[in-house]
Amino acid sequence: MALPASLTVKLVMAGDSSVGKTCILTRYTDNCLPSYMSTVGIDFKTKAVEIDDTTLKLQIWDTAGQERFHTLSVSYFRGAQGFVLVYDITNTVSFENIALWMKDIKTKSGEDVEVVLLGNKCDKEDERQVSKERGEKLAWECGIPFFETSAKDNINIDKAFLILSEAIYSKEQILKVVEQNNVNTWERGDLSLLISCWTAISL
Ligand SMILES: Nc1nc2c(ncn2[C@@H]2O[C@H](COP(=O)(O)OP(=O)(O)OP(=O)(O)O)[C@@H](O)[C@H]2O)c(=O)[nH]1
C-alpha cells in the first residue's frame, strides 16, 4: 500500500506591528489567544492540513512587525511559498503599508508566491477606519484572496489558511505533473507565473 504523500510548506506572517499576526497564528494552531507580548525576533508554529490525500505540513513563521526588526523579518521571506499579509481595520496606516509589504514579498520571494490579505480585528466595528470595500479593492488589484478576520472571535481564520494552502497545493500538483512529463519548453518560474495569473483571473 502506498504511503500517503506529504508536503512541507513554509508560510510567513507579515504586516505592521500590533495588527494581530501572533494572535491569528495562535488562534489557528492552538485555538487560543496568547498573553500579549510584541514579537521579538522570529518564531514559528506548525500545523498539518489534509488536502485530497496529501498532508501539508505547514511551518508558519511569525515575524515581528516593529520597524527595528524589519531587516531580520524580511530575511525570513526567502524560500516561503505563501504569505499571510495582515493589516488592522482600525488602523489606516497599517493598511497603507500593505503596498510596502507586498513590495518586500515580491523582492525576496519572487512574483509567483501565494499571498492572502487579511483585514484583522473585524470585531471592532465601532473603531473601524478601513472599509471592507477598500480591502477588497486592494486585494483585487493585487490578484489575491481577501478576508476580514477576527483572531479574538475566531472569524475566517481557518478559511484564510485553507485557501492559501489549497493554492500552494494546486500549484505544486501542476508543477509535479509537468515535471513528471518532462515538459521542458517552460521554465518552472514561467509556469508558476502562468498559474498565478490564472488563479488571479478566476478569483
Ligand atoms: N479586538 C481584537 N484585538 C486583537 C485581535 N487580534 C489581535 N488583537 C490585539 O492586538 C494586539 C496585538 O496583537 P499581536 O498578535 O501581538 O500583533 P502582532 O501583529 O503579532 O504584533 P508584532 O508582534 O509587534 O508584530 C494585542 O493586544 C491583541 O490582543 C482581534 O482580532 N480583535
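**Figure 1. L7 and its partner across the β1–β3 pair.** In this predicted model, L7 has L56 of β3 as its bridge partner. That bridge belongs to a bigger set: β1 (residues 5-14) and β3 (residues 54-63) run parallel and share nine bridges. What holds paired strands together in general? Strands of a sheet pair through backbone hydrogen bonds, in either a parallel or an antiparallel fashion.

**Figure 2. L11 and the link from β1 to β4.** Slide along to L11 and you'll find G82 of β4 standing opposite. Strand β4 covers residues 82-88, and four bridges tie it to β1. These two strands run parallel.

**Figure 3. The whole sheet, strand by strand.** In what order do the six strands line up? They follow β2-β3-β1-β4-β5-β6 and form an open sheet. The pairing is mixed, and here's where you can see both kinds: β2 and β3 run antiparallel, joined by 10 bridges, while β1 and β3 are parallel. For a single example from the antiparallel pair, look at A48, whose bridge partner in β3 is K57. Now back to the sheet as a whole, with its order β2-β3-β1-β4-β5-β6. Its edges are β2 (42-51) and β6, each of which pairs on one side only. On average, neighbouring strands in this sheet are turned by 25 degrees against each other, ignoring direction.

**Figure 4. Strand β5, tucked away.** How many of the seven residues of β5 are buried? The count is seven of seven, so to speak a full house, for this strand at residues 114-120. E114, V116, L118 and N120 point one way, V115, L117 and G119 point the other way, and all of them are buried. If that every-other-residue pattern looks familiar, here's the general idea: in a regular strand, side chains alternate between the two faces of the sheet.

**Figure 5. The neighbours of β5 and a right-handed crossover.** On one side, β5 pairs with β4 in the parallel sense over seven bridges. Within that pair, Y87 has G119 of β5 as its bridge partner. Strand β5 also pairs with β6 (residues 146-148), again in the parallel sense, over three bridges. Here the partner of L117 is F146 in β6. To get from β5 to β6, the chain passes through helix α5 (residues 132-142), and this β-α-β crossover is right-handed. Helix α5 lies across β5 and β6, running at about 160 degrees to β6.

**Figure 6. D88, a buried residue in β4.** Find D88 in strand β4. Is D88 buried or exposed? D88 has 24 C-beta neighbours inside 10 Å, so it counts as buried. Skipping the neighbours within four places in sequence, D88 is in contact with S18, V19, G20, S94, N120 and K121. As for V74, which sits 14 residues from D88 along the chain, the two C-alpha atoms are separated by 20 Å.

**Figure 7. Where helix α1 meets helix α6.** Helix α1 (residues 21-30) and helix α6 (residues 157-180) pack with their axes 9 Å apart, at an angle of about 85 degrees. The two helices are therefore roughly perpendicular to each other. On the α1 side, the contact is made by I24, R27 and Y28, and on the α6 side by I157, D158 and F161. Sort these contact residues by type and you get four nonpolar, two charged and no polar.

**Figure 8. Two loop residues with an unusual backbone angle.** Most residues other than glycine have a negative phi. N31 isn't a glycine, yet its phi is positive, at about 50 degrees. You'll find N31 in the loop between α1 and β2. With 10 C-beta neighbours inside 10 Å, N31 counts as exposed. D52 is another non-glycine with a positive phi, about 55 degrees. Its place is the loop between β2 and β3. D52 has 9 C-beta neighbours inside 10 Å, so it counts as exposed.

**Figure 9. Zooming out to the full chain.** How many helices and strands does the protein chain have? The tally is seven helices and six strands. Along the sequence they follow the pattern β-α-β-β-α-β-α-α-β-α-β-α-α. The chain has 203 residues, and buried ones make up 37% of them. Among contacts with a separation of 6 or more, 72% join residues 24 or more positions apart.

Conventions:
Residues numbered from 1 in each chain as written. Predicted model: local features only at pLDDT ≥ 70, side-chain atom pairs only at ≥ 80, totals over all residues. Pairing = 2+ DSSP bridges. Axes fitted to C-alpha atoms, helices over the stretch in contact; angles between N-to-C directions. Parallel < 35°, antiparallel > 145°, perpendicular 65-115°, else oblique. Contact = placed C-beta atoms within 7 Å. Nonpolar A, V, L, I, M, F, W, Y, C, P; charged D, E, K, R; others polar. Buried ≥ 20, exposed ≤ 12 C-beta atoms within 10 Å, placed from the backbone. Right-handed = clockwise from strand over helix to strand, strands pointing away.
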